[in-house]
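This report reviews a protein structure for a reader working at the bench. Please examine the sequence and the structure shown here before reading on.

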Amino acid sequence: NGEFQVYTPETANLYTANGYLYLKPTLTVDHHSFNEGTLYNGNMDVRGIWHTCTNGVNNGCRKSAYGQEILPPIMSGKVTTHAAITYGRVNVRARVPKGAFLWPAIWLLPRDNHYGNWPRSGEIDLMETKGNAWTSEWGGDHGIRSIGSTLHWGPDAGHNCFQKTHGEKYLNQPDGWHGWHTYSLDWTRNHLSILVDNQEIYRLTTPGNGMYNYCPYHNIEDPWRNGPHNAPFDQPFHLLLNVAVGGTSGFFAEGQYDVPKSWRNDSPHPMRDFWEHRGEWLKTWHGDDVAMLIDYVEMIQY
């Protein structure tokens with residue numbers, strides 16, 4: 001998604017306190033290995049600093065600041081469960097962060113990519129939101145007062161049928177969803193229901209003639225032709241929790257925001273554009289309000 005953070009195991013980004021798990025974004029320049037100079041002219045050797053690298057896509061294991069673009073200006077936290085379930089109930093009691101251009105997510109990915117690369121094997125997004133106090137994009141406010149739930153699936157990345165499987169819930173309070181709520185998935189062979197505080201956000205009743213026929217793209221080979229009617233949502237999925245920041249995928253569209261969006265999604269240097277306007281967005285980041293707090297996670301196999 002062209003996001004602006006690097007995920008680290010730093011105790012500043014990922015820690016437990018007061019009985020909660022914290023996933024908290026911080027400024028890269030606050031880490032002892034980096035400063036303003038290295039942000040613009042240095043390298044970020046993920047394996048060298050943290051002794052492991054979990055994602056090498058887009059030079060993820062070793063970033064270099066080159067001429068125009070800088071290193072990721074934010075460090076943050078992300079966890080993936082070893083546990084995976086096929087059908088069952090997932091409950092995550094969480095407090096989502098608030099602060100401009102934060103992008104928290106509670107979601108599931110297939111453990112094995114049985115049907116092929118994304119989105120052929122599916123994705124289940126229980127909760128995504130923006131930490132902004134308000135936004136005006138896609139004809140409405142999609143800031144902290146709005147949460148979205150989405151199933152991603154399709155024959156290839158250019159033909160993602162998620163528009164057919166998306167729901168939203170609005171909470172008209174000043175801090176929106178920035179409070180304690182329980183995000184849940186109820187998943188069987190015949191339906192996927194995504195809920196918040198036991199109120200349904202989105203429900204898919206699995207089509208009897210298969211997901212391929214439910215997708216609007218029919219001039220492409222059916223990747224699930226050898227699977228059951230609910231494929232790709234018939235495989236083991238594991239749970240992910242993270243706080244991303246910014247990005248160029250379109251999640252932060254070219255709209256109006258409480259804080260001006262300082263980068264264009266087609267910019268050759270979006271991270272630099274974001275960082276150089278930190279005087280605008282950083283004043284909306286207050287202490288632990290920028291962290292996603294997790295009280296508990298349950299994964300119950302049916």
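The sections below treat the annotated domain, the strands, the aromatic rings, the charged groups over rings, the disulfides and one loop residue.

## Model and annotated domain

The structure is a predicted model. An unreviewed UniProt entry places the feature "domain: GH16" at residues 15–302. Over residues 15–302, helix accounts for 9% of the chain and strand for 36%. The C-alpha atoms at the two ends of residues 15–302 are 31 Å apart.

## An open sheet of three strands

Strands 1, 7 and 4 form an open sheet in the order 1-7-4, and the pairing within this sheet is mixed. Strand 1 (5–7) and strand 4 (26–27) each have a single partner strand, so they stand at the edges, and one side of each is left without a neighbour in the sheet.

Strand 4 and strand 7 (residues 74–76) run antiparallel and are joined by two bridges. Within strand 7, Ile74 is the residue that stands opposite Leu27.

## Strand 10 and its partners

Strand 10 spans residues 102–110 and is mostly covered, with eight of its nine residues buried. In general, the strands of a sheet pair through backbone hydrogen bonds, in either a parallel or an antiparallel manner. Strand 10 pairs with strand 18 (residues 237–245) in the antiparallel sense, over nine bridges. Trp103 has Ala244 of strand 18 as its bridge partner.

Strand 10 also pairs with strand 11 (residues 123–128), again in the antiparallel sense, through four bridges. Here the bridge partner of Ile106 is Met127 in strand 11.

## Aromatic pairs

The structure holds 21 aromatic pairs. One of them is formed by Phe4 and Trp263, with an edge-to-face arrangement: the ring centres are 4.9 Å apart and the planes stand at 75°. Phe4 lies in the segment before strand 1, and Trp263 in the loop between strand 19 and helix 4, so the pair ties together parts that are 259 residues apart in sequence. Both Phe4 and Trp263 are buried.

Phe274 and Trp281 form a stacked pair, because their ring centres are 4.2 Å apart and their planes are at 5°. Phe274 has 0% relative accessibility and therefore counts as buried. Trp281 likewise counts as buried, at 0% relative accessibility. Ring pairs link these residues into a cluster made up of Phe4, Phe101, Trp103, Phe251, Phe252, Tyr257, Trp263, Phe274, Trp281 and Trp285. Trp103, a member of this cluster, is also the residue of strand 10 that is bridged to Ala244 in strand 18.

## Charged groups over rings

Two side chains with charged ends are placed over aromatic rings. Lys164 lies over the face of Tyr214, at 4.5 Å from the ring centre. Arg278 has its charged end over the ring of Trp275, 4.0 Å from the centre of that ring.

## Disulfides

Two disulfides are present in the structure. Counted along the chain, the bonded cysteines follow the pattern 1-2, 3-4. One disulfide joins Cys53 to Cys61, with an S to S distance of 2.1 Å. The angle about its S-S bond is -95°, and the link of Cys53 and Cys61 is left-handed. Cys53 and Cys61 are both buried.

The other disulfide is formed by Cys161 and Cys215, whose sulfur atoms are 1.8 Å apart. The link of Cys161 and Cys215 is also left-handed, with -55° about the S-S bond. This pair links distant parts of the chain, 54 residues apart: Cys161 is in the loop between strand 13 (146–152) and strand 14 (166–170), and Cys215 is in the loop between helix 3 (211–214) and strand 18. Cys161 counts as buried because its relative accessibility is 0%. Cys215 counts as buried at 2% relative accessibility.

## A buried histidine in a loop

His269 is found in the loop between strand 19 (256–257) and helix 4 (270–275). Trp263 lies in this loop as well. Is His269 buried or exposed? Its relative accessibility is 14%, and the cut-off for a buried residue is under 20%, so His269 counts as buried. Leaving aside residues up to four places away in sequence, His269 touches Gln68 and Glu69.

Definitions and conventions:
Residues numbered from 1 in each chain as written. Predicted model: local features only at pLDDT ≥ 70, side-chain atom pairs only at ≥ 80, totals over all residues. Heavy atoms only, no water. Pairing = 2+ DSSP bridges. Buried < 20%, exposed > 50% of the residue type's maximum accessible area, 1.4 Å probe, protein only. Contact = heavy atoms within 4.5 Å. UniProt positions renumbered as here; feature names shortened; annotations may be inferred. Phe/Tyr/Trp six-rings, centres within 6.5 Å; stacked < 30°, edge-to-face > 60°. Lys NZ or Arg CZ within 6 Å of the ring centre and 35° of its normal. Disulfide = S-S within 2.5 Å.
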